Amino acid sequence: MKCAVCSRTAKGFGYFNPRLPRSDPRRYSDRWVFCSMRCQNAFSRLMEKSGGHMIDPSDMELAAMASCLAPLGDYVGSIGMQRPLADYRKEEVLMLVEVVVTAYQEHMLVEHERIAEKDRAFFEERLSRQSQRASTGVPF
Ligand SMILES: [Zn+2]
């Protein structure tokens, strides 16, 4: 299982939506698992602020990927910008992967924490944009 915030391996931290009755299946999700109390807290505060609505993480994931570019460039620059990837030693490839994954995870966590600090109006705007996007599909 992967942490719902940062995608690290989840370690027994969970969440349920206390706003919903015990009989409501939406109260629980097997995807609401976390690697740490920090991620669990960020998610929990986000759910409180948004009134229990999930915010589509895809924009956040795209931004997290973009946040990897600078550390990736720094690392490649540090070991020789002109070297082809095929000439990298295994340790250098693993370090490259670690640089990217660490930057991605940190961005996802910090962004969850930042959004959790935002106010109600912000969530209503995000959620209405999300439902507009969902309703532009083929109407079956
Ligand atoms: Zn996490």
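**A zinc site, an aromatic cluster and two cores**

Cys3 is a buried residue, its relative accessible area coming to just 3%. That value, like everything else reported here, comes from a predicted model. Cys6 goes further still in the numbers, at 0% relative accessible area, so Cys6 is buried too. Both cysteines turn up at the metal site: the zinc ion is held by the SG atoms of Cys3, Cys6, Cys35 and Cys39, with distances running from 2.3 to 2.4 Å. What is the arrangement of the four donor atoms around the zinc ion? The angles they subtend span 102 to 117°, and since four donors count as tetrahedral when all angles lie between 85 and 135 degrees, the site is tetrahedral. Along the chain, the donor residues follow the spacing C-x2-C-x28-C-x3-C.

The aromatic residues come next. Searching the whole structure turns up five aromatic pairs. One of them brings together Trp32 and Phe43, with ring centres 5.9 Å apart and planes at 50°; planes between 30 and 60 degrees apart make a pair tilted, so this one is tilted. The pair ties together distant parts of the chain, 11 residues apart: Trp32 belongs to strand β2 (residues 28–34), while Phe43 belongs to helix α1 (residues 37–49). Neither ring is left out in the open: Trp32 has 7% relative accessibility and is therefore buried, and Phe43, with a relative accessible area of 4%, is buried as well. Phe43 has another aromatic partner in Phe34, in a tilted pair with 5.0 Å from centre to centre and 45° between the planes. Phe34 is buried, as is Phe43. Put together with Tyr15, the residues Trp32, Phe34 and Phe43 make one aromatic cluster.

Trp32 has plenty of company beyond that cluster. With neighbours within four places in sequence set aside, the contacts of Trp32 are Phe13, Gly14, Tyr15, Phe16, Asn17, Arg26, Arg27, Phe43, Met47 and Met54.

How do the zinc site and the aromatic cluster fit into the nonpolar packing? The largest nonpolar core has 12 residues in all, and its members include the cysteines Cys3, Cys6, Cys35 and Cys39. The aromatic residues Tyr15, Trp32, Phe34 and Phe43 are in this core too. Val5, Ala42, Met47 and Leu109 complete the membership. Two elements, β2 and α1, each give two or more residues to this core. Of the contributors, α1 gives the most, with four residues. Another core lies apart from this one and has 11 residues, including Leu46, Met108, Ile115 and Phe123.

Helix α4 covers residues 90–117, which is 28 residues. From first C-alpha to last, α4 reaches 41 Å, close to the 40 Å expected at 1.5 Å a residue. Its buried residues are a mixed bag: among them are Leu96, Ala103, Met108, Leu109, Ile115 and Ala116, but also Glu92, Gln105, Glu111, His112 and Glu113. Glu98, also in α4, is partly exposed at 48% relative accessible area. Its C-alpha atom sits 13 Å from that of Asp74, with the two positions 24 residues apart along the chain.

A few other residues deserve a look. Ser7 is found in the segment before β1 (13–16). Its phi is positive, about 70°, even though Ser7 is not a glycine. With 32% relative accessibility, Ser7 counts as partly exposed.

Met1 shares that location, in the segment before β1, and is exposed, with 63% relative accessible area. Exposed or not, Met1 still has partners: residues up to four places away in sequence aside, Met1 touches Arg8, Thr9, Ala10, Asp30 and Val33. For Asp30, which is 29 residues from Met1 along the chain, the C-alpha separation from Met1 is 9.0 Å.

Gly52, in the loop between α1 and α2 (58–66), has 18% relative accessibility; the cut-off for buried is under 20%, so Gly52 counts as buried. Outside the four places on either side in sequence, Gly52 is in contact with Asn17, Arg19 and Met47. Between Gly52 and Leu20 there are 8.8 Å in space, C-alpha to C-alpha, against 32 residues in sequence.

Conventions
Residues are numbered from 1 along each chain as its sequence is written. This is a predicted model: local features need pLDDT of at least 70, side-chain atom pairs count only at pLDDT 80 or more; totals for chains, interfaces and linings use all residues. Side-chain values use heavy atoms; hydrogens and water are left out. Donors are N, O and S atoms within 2.8 Å of the metal (3.2 Å for Na, K and Ca); water is not among the atoms, so sites may look incomplete. Four donors count as tetrahedral if all angles lie between 85 and 135 degrees; four count as square planar and six as octahedral if opposite donors are over 155 degrees apart and all others between 65 and 115; anything else is irregular. Buried means under 20% relative accessible area, exposed over 50%, partly exposed in between (1.4 Å probe, protein chains only). The expected span of a helix is 1.5 Å times one less than its number of residues. Rings of Phe, Tyr and Trp (its six-membered ring) pair if their centres lie within 6.5 Å; planes under 30 degrees apart count as stacked, over 60 as edge-to-face and the rest as tilted. A nonpolar core is a set of buried Ala, Val, Leu, Ile, Met, Phe, Trp, Tyr and Cys residues joined through side-chain atoms within 4.5 Å. Contact means heavy atoms within 4.5 Å.
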